[in-house]
Structures are given as structure tokens and as C-alpha cells.
Amino acid sequence: MSEASVNPPATAAVPTPMQRERATTIFERSVPGRRAAAIPASGVPGGDVPIDELIPPALLRSRPAGLPEVSEPEIVRHYTRLSRRNFDLDSGIYPLGSCTMKHNPRLNERVAALPGHARLHPAQAPARAQGALELIWSLERSLSEICGLPHVSLLPSAGSHGELAGLLLTRAFHAAGGEAELRTRVLTPDTAHGTNPASVTMAGYEVVKVATNDEGGVDLDDLRAKTDERVACVMLTNPNTLGLFDRNIAEITGIVRDAGGTLYYDGANLNAIMGHSRPGDMGFDIVHVNLHKSFSQPHGGGGPGAGPIAVSDRIEPYLPVPRVARVESGDAGNGDAPGARFELRGASDHPETIGRLRGFQGNFGVFVRSYAYILSLGGDGLAEASETAVLNANYLLARMREGRAGRYLPIAFDRRPMHEFVLSASPAGKELGIKTLDIAKRLLDHNMHPPTVYFPLLVDEALMIEPTETETRESLDGFADAVESILAEAEDDPEIARQAPYTTPVRRLDEAGAARNPVVRQDLG
Amino acid sequence: MSGYTSVTDGERREMLATIGAASVDELFDVPAGVRLDRDLELPDGLTEAEVYERLRDLAARNADAEAEVCFLGAGMYDHYAPAIVDAIVSRSEFLTPYTPYQPEISQGGLQAMFEFQTAMSELTGLPLASAGLYEGPSALASAGYLAIGATKRRRFVVSAGVNPQSRETLATYSGGYPAAIAEVGLRGGRTDLDALADAVDGETAAVFVQYPNFLGAIEDLEPIARIAHAAGALLIAACDPIALGILRTPGEAGADIAVGEGQPLGNRLDYGGPSFGFFCATEAQIRRMPGRIAGETTDVDGRRGFVLALQTREQHIRREKATHNICTAQALNALAGMIYLSWLGRRGLVELGELLVRRTAYARERLTAIAGVEPLHDAPVVRELAIGFDAPVDAVLDHCAAHGIAAGVPLGEEHGNGLLVAITEQRTVAQIDRLAEVLAAALEQAAGSGKRTAGAIA
């Protein structure tokens, strides 16, 4: 196939059907008098009294909320139309670095929808929610084994919530040692995810940045210089956001541990090492796991997820509540839970707890999906998933070292990466006059999701690529070929990439205008 | 092992040759000391049918709201979610994308966020809404964080009418910010205004109330707002979004921030999550809002489009100076909420609210007519009522459960011995009658068995 025939259109002169269709909101589809829901009659004996005889008028609304008035078919058409204006993981490669966009098994959706899960009220008495508590307990044990740390709480709702929890645990740990006032600093490498420093501030700590060495790892001299009795914690991810496993990891954790700090592991990149290396064995105290990354919970366009934490013995007393306990029962054989029952325990059983992080028992529906995933793969399957994730990333990198990509998009730190790698489009900028953003936007015309762009911050014009284990070789080749064609095209005419995309429902959007003059809700007149 | 990867042995060899490595093991540049030199101690993988069976067996050991009549509430409620919610949110295009960082190919999700923000703004009567936080109690704690930034003060005054789980969450977060917390009690089921006026001072960043409150009572927000504002503090109201369909909006009553648990809006009970938290505020807080916010704009050809707006508040741009650490939130759950609100529509939401008020009034009449049952207050309610009785709550709940009824949520020591009973449109008059009968029998049995242990509480 010639290059010309694979290249998508490079003009927007003739708008696509979707581009011709003006975006219309559900509110703009509203017609007074239309409706979808039928609300039953109250059925209260004696008939309905006026509502203001039951609630004082001063406490009532002056006018109804301006919700749309639409029929069911209109709702379905509207949101189906919106859905077509989204790219999704089931439509093509989605190599967003550090996001682990792996396949979302539909079995997990099916088991999460079982009424025994989906319609279980969170305030149900534990004795009548034994299946749910056993599932929580079993998932905790699985994550404990994967992370190499003995205790787990599933409560945090996302990675950033796990980070906040970990920092509050750190504070509780130091308070118990009489050092709460002394230890005010948290070390984060300059490659860290943005949530790390934001969580540090929310937890009342000060961020101290640690430099990166020539190998893409933590700069040990800088770490030593900044590690003293004021350090509460170090937050790391390993492999780091460059996709590189830090060879000095044992030394790093040793330095901070000797200085009395806790060690926090951001599990965003756990997909690289499941069954091969464990954060607990590296010396970490607290690990968060993104169930929506390594454990296949769908990302949902920005959630829901869950960010369970696994912790060491010295952190365990402070874990958030409620906690699930497995109790061996004397009278086994009651049929319901042979040999064991499960309890929910609060602060009265765990007096040193940091307390609640949120309502009820966490994002249980996410736990169901991730537990189903772990059961499906088993221990060997998880290890194989990581192997294939690393194989795929290294294969794609090998392909990207060839041809024009190798020339214009060199790897930022030339070491063997694990599940993801970072390229720099700096040479593309100098030689072709196109930026990372332009390459990303032109990829949209190839019906591919671009990599994470402009992150990590220490790489100029960064492209952070994580293909995951669920991509085929053909799809990796397709991505490499698309990048090659974009660069070839730019050699002829860089303007093509600079003006891209051409085929998407809308083209480049005025984000600066949206920031200057924010319109964040519809004016309903 | 799993069908979720596709590389064959032959492909692996070829890919390794392209990479220039002899084995996959060689790709793991991991020092020997931190390599796991054994298999994970987890069971072998199961077939899809086996996993289904295992999960189905676990699910079967839960008494869900389809297996019994559910009067449980305290933040999450057994409302009917229409089939279109599942049908739409299970579409791959909504289910599987990441956060919309590439707006050109994420218009569906971004526009849904914009619609959601509009709907939540309408519900709360406040001009700004974010696209959603994790869930209710942590959204309340996030409002506390905003209040510290907005007022440069570090003291909260919290009504005892706020759900205990929300207060506990706020206390946990306050251990970090940090902030001090003072609590104000209830009088007649509602926040004691005199005690509140005494507690609020010039150091107070925010006053927190719940609307309707934990005991179901509808707070009068206006005098509370006056007390807060006179001291330069913000008023933060945790709201039931269904009740907002008929109640005076927190915005109109003077609240600066309205947050709440979004589950009642078309989301599953799911034993507590995932759902979403909503967060609405006055215009003054626009640069301090937590969470994603979609904004309307145009593309280079002038077409209407949507983007993530005000991203300079967020962690991925502002890092340690961000207004919040949130990244992955609950976008799909917020979409479910928006579909549900479209389904109810302008009139349906009002009708639903009024139905709840009438059936709850009926339940109040029936339950408090039972010998030994006392209402814990006489304040107006929408959909939840608190009753007290002199019998062990656990025994009463067990008795009701044996008759297929989840009668309510134990109130806990703070509010006396009793239950919080929640009504949804799925709880019919006949079911309420049945609850009254079974509860009466339970109390009679408890009295007869001599097990009466005054003050015993779950």
C-alpha cells in the first residue's frame, strides 16, 4: 500500500456529516409538555392534600428546576448521538501513558449488574451482606499478595484519594511517634504525577522536589541532601513516569527509612510488574493501586475508579474505617458461610484509625469488576499480563526507533523501558516545525488516540506511550506506521499537522477563550 | 492463559527479534534483590463461566433490595432507575474512554458534563457546578478545603444534623488541611440556631448543615446563612438531590456551596458505590472549584464545542498549588445522573418529590401510631423519618428481616435508640402498612421477651 493511500484527508474543505451537525443540548431539545417518566399516584388513604399543608411554603421551591422536557426516544437518540462524538477504547489503540488503557472485559459488567451486588443497600446489616464482605476481604487478600504488603483497605475512591489517605496515614504514624510537628516535608521526584504534589498540599505538607539523574531515576545525591528529620514521606512510582525501573530502589527506600520517613508507592504503573516485583519487597510502606488501570475497571470517560491502599505492619493501626474482618466461626456448617463470617469494624475496634475517607464501604461495584478480573487471570495470568505489557511497549519502541520516528522522536532517556516509554518531539520541532500537539492532533485523523502529551514535565515536547498488553502486534504496527506517515507528510508540508485534525466531529477548539470567558452551564433564559 | 491478550508464541519470538532481546525476562530491567522469584500465591485463572458462577454465588449471599422490602436510606436510596440509564452508560463510547483530554474526539462526554453542570446548577440554585466528585461525604470535605482557601481561616462549625459519615470524613480530612471542628446540636430535630450563633466566630471558615438533615428534618437555611455570613463564614449545605426538586434551593436561601451524594439520581446502590458527589457554588468560587468542569467554546471553523475549562485549577497543571488533588472522578455516574434527570424531566422531578412527601407523611402517621414508638422530632420532612423506641434495635431489625423487611438504619447513640426509615417511590402504601405491622409485632415481642435493655444500641 502506498503512503498516499493510507493517509487520511488533510483538508476540512468538505465538512463530514458529523461536522455539519450543530451540537444541540438536551435542554435545547426540550418541548413543554413532553415527558418520559410516569410517576405513580401516592395511593395514600384519604387522597392527596396540597403539598404546602405538609411542608411550610417558605421551605418550598418558588419554581421547578429547569430540567428538560423530553420523551424516552428523544433521550436515547440524544445520548446515542453524543456517544458517537466520543472516541473509545473499543474503537482503536489508546496508548495514553500512565493510564493503562487495557481492554475492559464485559464479563465484569455482567457480574457487577447482578442484583445481589447492584441493588445491595450499603447500610444492610453485615450478617445479610456476607457475600459482599467476603468479596471485599478476598480482593484485599489478592491485592496484599500482589503488592507484597500485609494489610489492605479498599476505601479510597481513586488514586489521588489513596495518596491523600497515605499522607494522612503518614501523619498519624509520625504523630504516634511524637514527630508530627517536626516532619513537614514530603519528597516527590520531578517526574511525579500531578496528583502527588496536589495531595501533599491537601494533607498539609510541603512539597520538596527531588531531581532525576541521567538514567531517568532518582538522583541519589539530591535525595540524600534533601532527606533529613523534617521529611515525613517520599512518594515514588516505580517504574517511574518515564517507564524506567529505578535500579537504586532498595537504596532509595533505605535512605528515607533510615531518616525516619514513610515510603509511599504510587501504583499507577503497577501494570508493569505484577507477579515480577512487589512494592512491599522494594521497601515501601504504603501503596495505592488503581483498579481502573491494572485491574480493568472501565475508565468511564473520567471515572469511576478505585484506589485501594496496601500497607506495612507499622502503618496498619491507622488504616481508615470501616474495615472488614474475617472471623472463624465455631459453629461451621451453617451453609451460608462455611467456617467463617465477615464483620465490618469501626473506630471502636481500631482506636488509632485516621477515620473515614468517604461514605459507606467504598466503590464496591468497582471491586466486583476487579475481583472478577483477578479470578479470570489468576496469579499466572497477571504475571503474563505484565510480561505482555512490557513486550508490547518494547516492541512499539523498537518500531519507533526505525525510520523517521527514530530521527524526529527520539527516546528521552535511552534505557530499556518497561510498560511505557517517553519520546521527545523536540527534533521534530526543530527540523520539521511541528510540535507534539500537532502529532497528537494528526493521529486523531488516523482514528487513534494520541499518547499522553507534555508529560512528564522534565522531557521537552514529551509523548508518553503505554500500549498495554491487550493490543495486538498489528495494532502496534498500525500506530508506528501512522506516526511514520505523519512525519513523512510533515517533511512535505508541516502545515498539514499544524492544522489537524480534519475529520473529527469538531476541529481544534478555542481553549484559551473558554478559560478567559468560562461558560460552564447553559443559560436557560 | 487469558483471552485478554493475543500474542502467540511465534509472534513473541518475532517481536523479541525486532526488539533485539533473547527473552521477555531480559526486558525486565529489575535488580535481583527486588525481583519476585516465585509465582504469586493466587489461584489459577478460571473460565468466564466459572468466574460468573463464583460471583453469582457471592451475590446470592446478600439480601438486596430485590430480595426484601428496603426502607434503608441515610444517603443512598432504593429508587427505580429506568432501563435507558443502563442502556446508555453501557455503550462503549461512554464506558471505556479516559478523561477527555483530547476534546476533538471527546465531545460526547464533554457535552454530557456541560449538561450535567447545567442540571445541577438548576437543582441547587447556584451558578457553578463541577462535573462531579467521588461521592457525598468526601464532597463535603472538599467543600471544607475550598472554604479554607477562600477565607484563610481554619475553623469549621458543623451541625449535628449532618450525616455522621460526612462529619467523620470531614474530621479525617481536617487532620490534614488542618482545621478545627466545633459541633452544634439539634433542637426539635433541626440545628439549634442559638447554639449556632454562639459557636460561629470571626475565625470560622464555614458552617456545615444538611438539607434535609440526617434525621430527615428540613432545615431552614436562611437564618443559618445569615449567622454564617455575619461572621464572614461560608455556608455549606449537603443536599439530597431528589429533595431539591421541591425544596427552596440552597442558592436562593443563601448557601455558598451545595454538595451531596448523587446516588439517588439514577445510580445503583452497589453496596455504597460507585456513585458521584456533586459540588455547586457561587460565582465567587469559580477559581477554587474542585473537579473537572466542562466549558462551551468554538472550534477553528466556528462550530460549537466543549472543552475542559479552568484547567489551571487542576493538579495536572498546577501541581502543589492545585485547588484539589482529584483526577479520576465519577464521570460515568454523573452521566447516569443526567440521563435520570432527563427521564424525570421538569414535571417528573416535582411529582416524585411530592409523592415522597405524601407517602412519608403517611408512614410517619402509621409508624408513630404504634405503641412504644415516638417520633424523634416534629419538623417537616421530605422522605425520611426518625423514630425512637425502647427496645434493642438489632433485635427489632432481625425480626423485620425475618419477615422480608429491611426496616431502617440504626440511628446510633448520638440520636437515641431508634431507626431512620426512608421512603422511595418504590415503597408502596401497602409496604408501609406491612412495615407498621411487622414493626409493631417486633416491639411487642421485644417487650414480651423481657430482653429490654434500655439504651442498648447497635
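**Exercise 1. Where is Pro241(B) found?**

Solution. This is a predicted model, and we can walk through it together.

Step 1. Look between S8 and helix H11 (250–253) of chain B: Pro241(B) sits in the loop there.

Step 2. Next, decide whether Pro241(B) is buried or exposed. A residue counts as buried if 20 or more other C-beta atoms lie within 10 Å of its own. Pro241(B) has 24 other C-beta atoms within 10 Å, so Pro241(B) is buried.

Step 3. Now find its contacts, leaving out residues up to four places away in sequence. Pro241(B) touches Leu123(B), Gly260(B), Gly262(B), Pro264(B), Leu265(B) and Phe278(B).

Step 4. Finally, set sequence beside space. Pro241(B) and Leu341(B) are 100 residues apart in sequence, yet their C-alpha atoms are 10 Å apart.

**Exercise 2. Describe strand S9 of chain B and its partners.**

Solution.

Step 1. Strand S9 covers residues 257–261 of chain B, and five of its five residues are buried.

Step 2. Check each face in turn. On one side are Ile257(B), Val259(B) and Glu261(B), on the other Ala258(B) and Gly260(B), and both faces of S9(B) are covered.

Step 3. Look for the parallel partner. Strand S8 (residues 234–239) of chain B runs parallel to S9(B), and three bridges join them. Within this pair, Ala238(B) has Val259(B) as its bridge partner.

Step 4. Look for the antiparallel partner. S9(B) is joined by five bridges to strand S10 (residues 277–281) of chain B. Here Ile257(B) stands opposite Ala281(B).

**Exercise 3. Work out how far helix H13 of chain B departs from a straight helix, and find where it bends.**

Solution.

Step 1. Begin with the straight case: at 1.5 Å a residue, a helix of 38 residues would span 56 Å.

Step 2. Compare this with the model. Helix H13 (residues 331–368) of chain B spans only 41 Å between its end C-alpha atoms.

Step 3. Find the bend. At Gly345(B), H13(B) turns by about 90°.

Step 4. Ask how covered the helix is. Of the 38 residues of H13(B), 34 are buried.

**Exercise 4. Trace the four-stranded open sheet of chain B from edge to edge.**

Solution.

Step 1. Read the strands in order, S13-S14-S17-S16, with antiparallel pairing.

Step 2. Mark the edges. Strand S13 (373–375) and strand S16 (409–410) of chain B each pair on one side only.

Step 3. Zoom in on one edge. S16(B) pairs with strand S17 (residues 418–422) of chain B over two bridges, in the antiparallel sense. In S17(B), Leu419(B) is the bridge partner of Pro410(B).

Step 4. Step back to chain B as a whole. Its secondary structure comes to 15 helices and 17 strands, and 65% of its 458 residues count as buried. Along the principal axes, its C-alpha atoms fill a box of roughly 80 × 55 × 50 Å.

**Exercise 5. Move to chain A and lay out its seven-stranded open sheet.**

Solution.

Step 1. The strand order is S1-S7-S6-S5-S4-S2-S3 in chain A, and the pairing is mixed.

Step 2. The edges are strand S1 (151–153) and strand S3 (206–210) of chain A, each pairing on one side only. On average, neighbouring strands of this sheet are turned by 25° against each other, direction ignored.

Step 3. Take one pair from the sheet. Strand S4 (residues 231–236) and strand S5 (residues 262–266) of chain A run parallel and are joined by four bridges. Leu236(A) has Tyr265(A) as its bridge partner in S5(A).

Step 4. Add a helix. Helix H6 (residues 130–147) of chain A lies across S1, strand S6 (286–288) and strand S7 (309–311), at about 125° to S1(A).

**Exercise 6. How many residues does each chain bring to the contact between chain A and chain B?**

Solution.

Step 1. Chain A brings 175 residues and chain B brings 174 residues.

Step 2. Identify the top contributor on the side of chain A. Helix H12 (residues 364–400) of chain A gives the most, with 24 residues.

Step 3. Sort the residues on that side of chain A by character: 87 are nonpolar, 53 polar and 35 charged.

Conventions: Residues are numbered from 1 along each chain as its sequence is written. Chains are lettered from A and ligands numbered from 1 in the order in which they are written. This is a predicted model: local features need pLDDT of at least 70, side-chain atom pairs count only at pLDDT 80 or more; totals for chains, interfaces and linings use all residues. Two residues are in contact if their C-beta atoms, placed from the backbone, lie within 7 Å. Ala, Val, Leu, Ile, Met, Phe, Trp, Tyr, Cys and Pro count as nonpolar, Asp, Glu, Lys and Arg as charged, and the others, Gly among them, as polar. The expected span of a helix is 1.5 Å times one less than its number of residues. The bend at a residue is the angle between axes fitted to the seven residues ending there and the seven starting there. A residue is buried if 20 or more other C-beta atoms lie within 10 Å of its own, exposed if 12 or fewer, and partly exposed in between; C-beta atoms are placed from the backbone. Two strands pair if DSSP finds at least two bridges between them. Axes are lines fitted to C-alpha atoms, for helices over the stretch in contact, and angles run from 0 to 180 degrees between N-to-C directions.
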